Amino acid sequence: MESFGNGLVYTEENIRELILRVLAPPLALFSLQVQNRKNHALIEIELDHLTDKTGSASLEDCENVSRGLKEELDLWGEEFDFTLQVSSAGAERVLRLPEDLSRFQGLLVKLEVPLEAGKWDKRLYRLGPVSGDSVELTLYDRKTRHKKNQKSVSMPIAEIRKGNLYLEI
C-alpha cells in the first residue's frame, strides 16, 4: 500500500476496481501489476478480448481503455503520480489452465507436458475438446499438418504444467 500527500491509500485492489468499472464487454482484464514507488505508481494492464479468436485486444481497444483510465485516475488528485501502460494479452498469450483449454479449442498451443523419468518437454498441439479432467490433443507436425485422421491423445489437464497460444506464420 502506498500513501500519497492527500493521506489516501491506493492499493492494487483500488485500481482493479476502477479498471473493472471502466472496461466494457467484450474487453476484460487479463492481468494487472501495480508497482508502488516513492510517490509514483507504475500500472501495467493487459487486456483480453473475449470475442476475438485469440483473445487479442486491438491497438484502438488499448488506447480507449488507456484514455478512460487516465481520466479516472486523474480524479484521484495531483498527488497520485502514475505511469499507465495498457496492452493486449496477445495472440501468443499464456494460457490460464484449465479454462482456456475449452475457449481456444481448435487452435495451436505450445504446452509443457511430462515425459518419462520426470522430465518435461514443450510440444505443439492442436487443442481438441475438453472432457471432464482431460483434453484431447493432436500433436502438431508441419509435415503432416494437412493430413486428416491424425491421431489424438487424451491428456489429463492436471499433467499440463503451462502453455501458450501459438501462431503459425
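Proline 26 is placed in the loop between H1 and S3, and in this predicted model the peptide bond that leads from proline 25 to proline 26 is cis, with omega near 15°. A second cis peptide bond joins leucine 97 and proline 98, with omega about 5°; proline 98 has its place in the loop between S5 and helix H3 (99–103). A further backbone feature concerns alanine 117, a residue other than glycine whose phi is positive, near 60°, and which lies in the loop between S6 and strand S7 (120–131). As background to these three sites, most peptide bonds are trans, and most residues other than glycine have a negative phi.

The domain assignment of the protein chain gives domain 1 (12–88) and domain 2 (94–165). The C-alpha centres of domain 1 and domain 2 lie 31 Å apart, and the contact takes 10 residues from domain 1 and 6 residues from domain 2.

Strands S3, S4 and S5 form an open sheet of 3 strands, in the order S3-S4-S5 and with mixed pairing. Its edges are occupied by strand S3 (27–37) and strand S5 (82–88), each of which pairs on one side only, and neighbouring strands of this sheet are turned by 15° against each other on average when direction is ignored. The pairing of S3 with strand S4 (residues 40–49) is antiparallel and extends over 10 bridges; within it, alanine 28 has aspartate 48 in S4 as its bridge partner. Helix H1 (residues 12–22) packs on the sheet, where it touches S3 and S4, and the direction of H1 makes about 150° with that of S3. Helix H2 (residues 59–74), in turn, lies across S3, S4 and S5 and runs at about 155° to S5.

The relation of these two helices to each other can be set out in the usual terms, since two packed helices are described by the angle between their axes and the distance between the axes. The axes of H1 and H2 come within 10 Å and cross at roughly 130°; H1 and H2 are therefore oblique to each other, and their crossing is right-handed. On the side of H1, the residues that take part are Leu18, Ile19 and Val22, which meet Gly68, Leu69, Glu72 and Leu73 in H2. Sorted by character, the residues of the contact of H1 with H2 comprise 5 nonpolar, 1 polar and 1 charged.

Another open sheet is built from 5 strands in the order S9-S8-S7-S6-S10, and its pairing is antiparallel. Strand S9 (152–156) and strand S10 (162–165) stand at the edges of this sheet, and each has a single partner strand, so that one side of each is left without a neighbour in the sheet. From one strand to the next, the twist averages 45°. At the edge formed by S10, strand S6 (residues 108–114) is paired with S10 in the antiparallel sense over 4 bridges, and one residue pair in this register is lysine 110 with asparagine 164, the latter being the bridge partner in S10.

How values were computed
Residues numbered from 1 in each chain as written. Predicted model: local features only at pLDDT ≥ 70, side-chain atom pairs only at ≥ 80, totals over all residues. Heavy atoms only, no water. Pairing = 2+ DSSP bridges. Helix = DSSP H or I, 4+ residues; strand = E, 2+ residues; numbered from the N terminus. Axes fitted to C-alpha atoms, helices over the stretch in contact; angles between N-to-C directions. Contact = heavy atoms within 4.5 Å. Parallel < 35°, antiparallel > 145°, perpendicular 65-115°, else oblique. Left-handed = near helix turned anticlockwise from the far one by under 90°. Nonpolar A, V, L, I, M, F, W, Y, C, P; charged D, E, K, R; others polar. Domains from an automatic or database assignment.
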